Amino acid sequence: MMLRKPSEIDYLENYYITTYTSAIYYKHSIMTTKKTFLKKLFKSLYNQKKAIKSDLDKHILEARDQDYLDELQLKCKKEVLKMDRYLRDNTNPKYGQICTKIEGRFFHHLQESLKLLTDGSLRNTLLSHKYKSQILREKLLLVNKYLI
């Protein structure tokens, strides 16, 4: 068995999974929350995660084949099932607190991925999404601190 050197795309696996699961959670939050300001915030978070996922899909397909992307999406769906079980067990979830935890995980995986990446175009894509998501993260923290 020959060991292979991990490619740049391999470093994005946790980040991709986190992005996918958070987008699914925000979509769920949009449908279940009744406060309009929270709906708008969750909708903007969902759209941002969807844009990140589509950019990552392009980079993954350039570097790898469709089979790798399909395998990665299966891992994402397993994570969504784990998240769904967690939400069912938690009878009264506070969406703002859960979203703050999700965004914290998202930023942690983003920082880890940026430490490992050397490809210029991929780093530029991630950095642009980082700065766009920083504004939404600050809004989420503000809403969580004062309103929830």
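Four aromatic pairs are counted in this predicted model when ring centres must lie within 6.5 Å of each other. Phe106 and Phe107 make up one aromatic pair, and its geometry is edge-to-face, with 5.9 Å from centre to centre and 75° between the planes. The term edge-to-face applies here because plane angles over 60 degrees are classed that way. Both of these residues, Phe106 and Phe107, are buried. Together with Tyr15 they belong to one aromatic cluster, made of Tyr15, Phe106 and Phe107.

Charged side chains also lie over these two rings. Lys49 is placed over the face of Phe106, 3.7 Å from the ring centre. Over the ring of Phe107 sits the charged end of Arg137, at 4.5 Å from the ring's centre.

**The chain as a whole**

The protein chain contains five helices and zero strands. Read from the N terminus, its elements follow the order α-α-α-α-α. The chain has 148 residues, and 41% of them count as buried. Among contacts in the chain with a separation of 6 or more, 79% are between residues 24 or more positions apart.

**Two helix packings**

Helix α2 is described here with two partners, α1 and α5. The table gives the values for each packing.

| Helices | Angle | Distance between axes |
|---|---|---|
| α2 (residues 36-63) and α5 (residues 120-146) | about 165° | 11 Å |
| α1 (residues 13-32) and α2 | about 150° | 8 Å |

At about 150°, α1 is therefore roughly antiparallel to α2. The crossing in which α1 passes α2 is left-handed. On the α1 side, the residues that meet α2 include Tyr15, Tyr16, Tyr20 and Tyr26. On the α2 side, those that meet α1 include Phe42, Tyr46, Lys49 and Ile52. Tyr15 is thus part of the α1 and α2 contact and also a member of the aromatic cluster with Phe106 and Phe107. Lys49, the residue over the face of Phe106, is likewise among the α2 residues that meet α1.

The helices α2 and α5 are also roughly antiparallel to each other, because angles over 145 degrees are classed in that way. Here, too, the crossing is left-handed, with α2 passing α5. From α2, the contact includes Phe37, Leu41, Gln48, Ala51, Ile52 and Asp55. From α5, the contributors include Leu122, Leu126, His129, Ser133, Leu136 and Val143.

**Two residues of α5**

His129 and Ser133 show this contact at the level of single residues. His129 is located in helix α5. Is His129 buried or exposed? His129 has a relative accessible area of 6%, so it counts as buried, the limit being under 20%. Apart from neighbours within four places in sequence, the contacts of His129 are Gln48, Ala51, Ile52 and Asp55. These four residues are among those that α2 brings to its contact with α5.

Ser133 also has its place in helix α5. With 0% relative accessibility, Ser133 is counted as buried. Which residues does Ser133 contact, leaving aside its neighbours within four places in sequence? They are Gln48, Phe106 and Phe107. Ser133 and Gln48 are 85 residues apart along the chain, while their C-alpha atoms are separated by 7.3 Å. Gln48 is in contact with His129 as well. Ser133 therefore counts as buried, and its contacts include both rings of the edge-to-face pair, Phe106 and Phe107.

Conventions
Residues numbered from 1 in each chain as written. Predicted model: local features only at pLDDT ≥ 70, side-chain atom pairs only at ≥ 80, totals over all residues. Heavy atoms only, no water. Phe/Tyr/Trp six-rings, centres within 6.5 Å; stacked < 30°, edge-to-face > 60°. Buried < 20%, exposed > 50% of the residue type's maximum accessible area, 1.4 Å probe, protein only. Lys NZ or Arg CZ within 6 Å of the ring centre and 35° of its normal. Axes fitted to C-alpha atoms, helices over the stretch in contact; angles between N-to-C directions. Helix = DSSP H or I, 4+ residues; strand = E, 2+ residues; numbered from the N terminus. Parallel < 35°, antiparallel > 145°, perpendicular 65-115°, else oblique. Left-handed = near helix turned anticlockwise from the far one by under 90°. Contact = heavy atoms within 4.5 Å.
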